[in-house]
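Here is a short tour of one protein model, written to be read with the coordinates open. Have a look at the structure first, then follow along.

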Amino acid sequence: LVGTLGASAAERFEARAPDDGVASAVASAVALVAGAAGMAMSLERETEAREAALADKVRAQADAMADAAWEKIEASEASAEGVRRDVAARGVARVNGVMREDTARAMEAYVRETLRTNDAGGDGRNLSVESFGNVYCKKNRWDLKLAYDAPVRAALRECVASMGEALTAVCGADAKLVELAALVSDPGSTRQPVHPDTAYRRDPSVFTCFVALQDVERDMGPTLFIPGTNNAQAHVEFREGNEREGPVFRRPYELGVISRGDATLFDSRTLHCGTENDSSRRRVLFYFSFQRADGDNPNAAISTIRTELRDKYTLADLLA
């Protein structure tokens, strides 16, 4: 009887052991899933907190600029020296007619199709870093890195040819192409914070050209520039006001209300931002940036350009 009972207990133990192992595995899996969910919720809360802080900063800046005078940006003198002079003194210049209408329409269609194939959602999240750059205020706004496909090659070379003398005067023929992308602002995109693309350096380094692929009206989220802020004094004011208030925000500003094929060329130290798109139309800016050969670019590693194009072309290459 004792032996029989002992065998029965051993059998019961062996029968239970696999179940206990499965239960342990299930418990571990549940804990892992719960941990991952907790991390995801934590990251989501952090993202929401950052976005709320950014929105608060934008509101503070807008309030500080409420009484500032503004006007549409006017075209610079139609000469390389005129453009160079405006970029040096004002930090920004307007250059008209750098891209033909048919080229702009083809480029706009290319951007639209590329966004579609990349399944770019309206929240701007979970996008491939190979195809999209980082951008302030992501809702309905994308910074699309462009592959060097035929429409992109045609658009870039046409713009560079149109502006060749001015670009050479501003940044030198040996300047390196460091950005090639499209900024897309859909209806409902919000105003960005005023910012420079590069923190202040004594010597200019990077120059960016925004080219409108359609007419940009006042309600379509045109780029806002604060002229004369590509200098130490303006950046001191910007920092001392905690990037939210102060004399730099009371300066007159200009809006990139420009026509299809027109461009704004600016020093990356110039304070600017994208404004809110309150229209029913998409705004697309084709853009490229050149870095002077001797320039100090703190953002070189994260510039908005596809990996295969990084360090590949100079201005002289594209003018050849």
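## The second largest pocket

A quick definition to begin with: a pocket here is an open set of grid points with protein on both sides within 12 Å along at least five of seven lines, and a lining residue has an atom within 4 Å of one of those points. Keep in mind that this is a predicted model.

Which residues lie nearest the centre of the second largest pocket? They are Glu 77, Ala 78, Ser 79, Val 83 and Val 95, out of a lining of 15 residues. The space in there comes to about 200 Å³.

Three elements give two or more residues each to this lining: helix H2 (80-90), strand S2 (92-95) and helix H5 (164-171). H5 supplies the largest share, three residues. As for chemistry, the lining splits into seven nonpolar, five polar and three charged residues.

## The chain as a whole

Stepping back, the protein chain has seven helices and ten strands. It runs to 320 residues, and 46% of them count as buried.

How much of the contact map is long-range? Taking contacts in the protein chain with a separation of 6 or more, 86% are between residues 24 or more positions apart.

## Aromatic pairs

There are seven aromatic pairs in the structure. One of them joins Phe 210 and Phe 266, edge-to-face, with the ring centres 5.1 Å apart and 65 degrees between the planes. This pair ties together distant parts of the chain: Phe 210 belongs to strand S5 (residues 206-212) and Phe 266 to strand S8 (residues 263-267), a gap of 56 residues. Are these two rings buried or exposed? Phe 210 counts as buried because its relative accessibility is 5%, and Phe 266 is buried too, with a relative accessible area of 0%.

Another pair, Phe 286 with Phe 288, is tilted: 6.0 Å centre to centre and 55 degrees between the planes. Both Phe 286 and Phe 288 are buried. Back with the edge-to-face pair, Phe 210 and Phe 266 also belong to one aromatic cluster, together with Phe 225 and Tyr 287.

## Arginines over rings

Two arginines are worth a click. Arg 153 lies over the face of Tyr 148, 5.9 Å from the ring centre. Arg 218 does likewise with Trp 70, at 5.2 Å from the ring centre.

## Two positive phi angles

Why look twice at a positive phi? Because most residues other than glycine have a negative phi. Cys 137 is not a glycine, yet has a positive phi of about 55 degrees. You will find Cys 137 in the loop between helix H3 (101-117) and strand S3 (141-145). Its relative accessibility is 16%, so Cys 137 counts as buried, the cut-off being under 20%.

Asp 311 is another such case, with a positive phi of about 60 degrees although it is not a glycine. This residue also sits in a loop, between strand S10 (283-291) and helix H7 (315-319). Is Asp 311 buried or exposed? Asp 311 counts as exposed, because its relative accessibility is 53% and the exposed class begins over 50%.

How values were computed. Residues numbered from 1 in each chain as written. Predicted model: local features only at pLDDT ≥ 70, side-chain atom pairs only at ≥ 80, totals over all residues. Heavy atoms only, no water. Phe/Tyr/Trp six-rings, centres within 6.5 Å; stacked < 30°, edge-to-face > 60°. Helix = DSSP H or I, 4+ residues; strand = E, 2+ residues; numbered from the N terminus. Buried < 20%, exposed > 50% of the residue type's maximum accessible area, 1.4 Å probe, protein only. Lys NZ or Arg CZ within 6 Å of the ring centre and 35° of its normal. 1 Å grid on protein atoms, 1.4 Å probe; cavity = no way out; pocket = protein on both sides within 12 Å on 5 of 7 lines; lining within 4 Å. Points joined across faces, edges and corners; volume = space filled by probe spheres on them. Nonpolar A, V, L, I, M, F, W, Y, C, P; charged D, E, K, R; others polar. Contact = heavy atoms within 4.5 Å.
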